[in-house]
Amino acid sequence: MAIRVHVNDPLDDEAMELLRSKGDLEVTSEHLDKEELKKIMPDVEVLVVRSATKVTADVIEASQKLRIIARAGVGLDNIDLEKAKEKGIKVLNTPGASAISVAELTIGMMFALSRHIARGTMDLKEGKWTKKELKGVELTGKTLGIIGLGRIGREVAKRALGLGMKVVAYDPYVKEIDMDVSLVDLDELYKTADYITVHVPLMPETKHLINDEAFSKMKKGVFIINCARGGVVDESALLKALKEGKVAGAGMDVFETEPPTSDIEKELLSLPNVVATPHIGASTKEAQKRVGKEIVEKIFEALGI
Ligand code: NAD
């Protein structure tokens with residue numbers, strides 16, 4: 001009997017071809033909403049998702065043969081890991097495959113904020129020549145504070161060093177680093193950084209890590225970037241800090257609600273010094289190819305085929 005693999009969020013074409021190349025697998029690919037997905041779950045042995053599908057306890061409970069939940073990407077916050085563990089279901093992901101893409105977006109946000117690229121574009125499209133209002137700052141010589149020096153944090157550090165920035169980082173689990181990066185405590189990072197970027201997973205300890213108290217310890221005129229997960233930066237505290245001028249600008253790829261619909265998020269998005277993208281950190285051709293190939297190879301390995 002063929003092993004039923006259901007791909008519920010789109011995978012890269014080459015990855016789909018590779019998956020379909022194995023005769024032992026019966027592959028279906030279609031985005032089903034939760035109720036429809038639950039209906040097919042009894043037959044599914046491998047469920048492949050990206051971030052759109054929420055693999056909640058009831059989806060897992062609806063399965064009978066599920067062996068593998070494969071997340072093509074990094075974050076596992078859309079999967080009920082406890083329930084999967086309880087049921088003995090393997091959870092696979094592709095850490096690292098999108099690190100360069102997220103790092104490049106982070107650096108892009110730093111440039112966009114520093115040189116008013118989005119505002120300049122919008123003004124020009126509205127027929128306004130705002131040259132005098134858009135004096136920027138250089139990145140070279142400034143201090144970047146990286147919170148979370150994992151795969152993405154390190155890629156950001158490399159690029160920032162290449163731009164002539166000084167890099168300080170806080171990560172309680174990193175004790176040494178083979179780059180010209182100073183490991184500091186959070187207070188020191190807040191005190192010295194001109195730009196702060198977060199690259200930690202969203203967990204109870206990192207939820208609202210950047211809150212009112214953290215903002216109060218930062219330099220006036222700091223830039224904040226969140227390309228990690230919505231909720232690591234407390235959005236209402238960020239809004240307050242932007243309005244008070246404590247924060248000079250913010251770059252956001254992720255939001256507490258996605259798509260961002262809360263009143264706070266709408267107000268954040270209305271500010272000229274907020275640069276925002278719709279969770280596209282890993283959305284590059286290269287990252288999606290790597291993610292797709294890696295997740296399919298991991299599925300084959302886990303199934304022993
Ligand atoms: P990683 O696991 O390689 O690195 C995370 C680092 O955070 C680790 O070094 C860990 O020690 C550190 N950390 C944990 N708790 C911490 C704390 N309290 N304070 C400081 N550091 C702490 O993960 P990664 O691949 O670098 O991903 C980082 C984040 O980026 C994740 O939240 C991931 O979901 C997110 N991400 C976003 C996108 C996007 O599309 N925007 C794409 C991929 C990943």
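**Exercise 1. In what order do the five strands of the open sheet lie, and is the pairing parallel or antiparallel?**

*Solution.*
Step 1. Note the source: this is a predicted model.
Step 2. Read the order across the open sheet: β2-β1-β3-β4-β5. The pairing is parallel.
Step 3. Find the edges. β2 (25–29) and β5 (90–92) each pair on one side only.
Step 4. Add the twist. From one strand to the next it averages 15°.

**Exercise 2. Trace the pairing from β1 through β3 and β4 to β5.**

*Solution.*
Step 1. Start with β1 and β3. They pair in the parallel sense over three bridges. Val5 has Val46 in β3 as its bridge partner.
Step 2. Move on to β3 and β4. Four bridges join these parallel strands. Here Val46 stands opposite Ile68 in β4.
Step 3. Finish with β4 (residues 68–71) and β5. They run parallel and are joined by three bridges. Ile69 has Val91 in β5 as its bridge partner.

**Exercise 3. Which residues of β3 are buried on each side?**

*Solution.*
Step 1. Recall the general rule: side chains of a regular strand alternate between the two faces of the sheet.
Step 2. Sort the residues. Val46 and Val48 lie on one side, Leu47 and Val49 on the other.
Step 3. Check burial, which requires under 20% relative accessible area. All four residues are buried, and both faces of β3 are covered.

**Exercise 4. Which strands does α12 lie across, and what span should its 19 residues have?**

*Solution.*
Step 1. List the strands: α12 lies across β1, β2, β3 (46–49), β4 and β5. It runs at about 165° to β4.
Step 2. Compare with helix α1 (residues 13–20). That helix lies across β1 (3–7) and β2, at about 150° to β2.
Step 3. Work out the span. Helix α12 covers residues 285–303, and at 1.5 Å a residue its 19 residues should span 27 Å. The end C-alpha atoms are 27 Å apart, which agrees.
Step 4. Pick out buried positions in α12. Among them are Ala287, Val291, Ile295, Ile299, Phe300 and Leu303.
Step 5. Look at Phe300 again. The charged end of Lys22 sits over its ring, 4.8 Å from the centre.
Step 6. Look just past the helix. Gly304 takes a positive phi of about 70°.

**Exercise 5. How many residues of α5 are buried?**

*Solution.*
Step 1. Set the length. Helix α5 (residues 99–114) has 16 residues and reaches 23 Å from its first C-alpha to its last. That is close to the 22 Å expected at 1.5 Å a residue.
Step 2. Count. Twelve of the 16 residues are buried, so α5 is mostly covered.
Step 3. Name some of the buried residues, including Val102, Leu105, Ile107, Met109, Met110 and Leu113.
Step 4. Check what follows α5. His116 has a positive phi, near 55°.

**Exercise 6. Why is one side of β8 and of β12 left without a neighbour in the sheet?**

*Solution.*
Step 1. Write the order of this open sheet of seven strands: β8-β7-β6-β9-β10-β11-β12, with parallel pairing.
Step 2. Locate the edges. β8 (181–183) and β12 (274–276) stand there with a single partner strand each, so one side of each has no neighbour in the sheet.
Step 3. Add the turn between neighbouring strands: 20° on average, direction ignored.

**Exercise 7. Describe the surroundings of β6.**

*Solution.*
Step 1. Take its pairing with β7. Five bridges join β6 (residues 143–147) to β7 (residues 166–170), and the strands run parallel. Thr143 has Lys166 as its bridge partner in β7. Ile146 stands opposite Ala169.
Step 2. Add the helix. α7 (residues 151–162) packs on the sheet and touches β6, β7, β8 and β9 (195–198). The direction of α7 makes about 175° with that of β6.
Step 3. Judge the burial. Five of the five residues of β6 are buried, so this strand is largely enclosed by the rest of the structure.
Step 4. Assign the sides. Thr143, Gly145 and Ile147 are on one, Leu144 and Ile146 on the other.

**Exercise 8. How many aromatic pairs does a search of the whole structure find? Classify the result.**

*Solution.*
Step 1. The search finds one pair.
Step 2. Apply the cut-off: planes under 30 degrees apart count as stacked. The rings of Tyr195 and Phe223 have planes at 15° and centres 4.9 Å apart, so the pair is stacked.
Step 3. Place the partners. Tyr195 is in β9 and Phe223 in β10 (residues 222–226), 28 residues apart. The pair thus links distant parts of the chain.
Step 4. Check burial: both Tyr195 and Phe223 are buried.

Methods
Residues numbered from 1 in each chain as written. Predicted model: local features only at pLDDT ≥ 70, side-chain atom pairs only at ≥ 80, totals over all residues. Heavy atoms only, no water. Pairing = 2+ DSSP bridges. Helix = DSSP H or I, 4+ residues; strand = E, 2+ residues; numbered from the N terminus. Axes fitted to C-alpha atoms, helices over the stretch in contact; angles between N-to-C directions. Contact = heavy atoms within 4.5 Å. Phe/Tyr/Trp six-rings, centres within 6.5 Å; stacked < 30°, edge-to-face > 60°. Buried < 20%, exposed > 50% of the residue type's maximum accessible area, 1.4 Å probe, protein only. Lys NZ or Arg CZ within 6 Å of the ring centre and 35° of its normal. Expected span 1.5 Å × (residues − 1).
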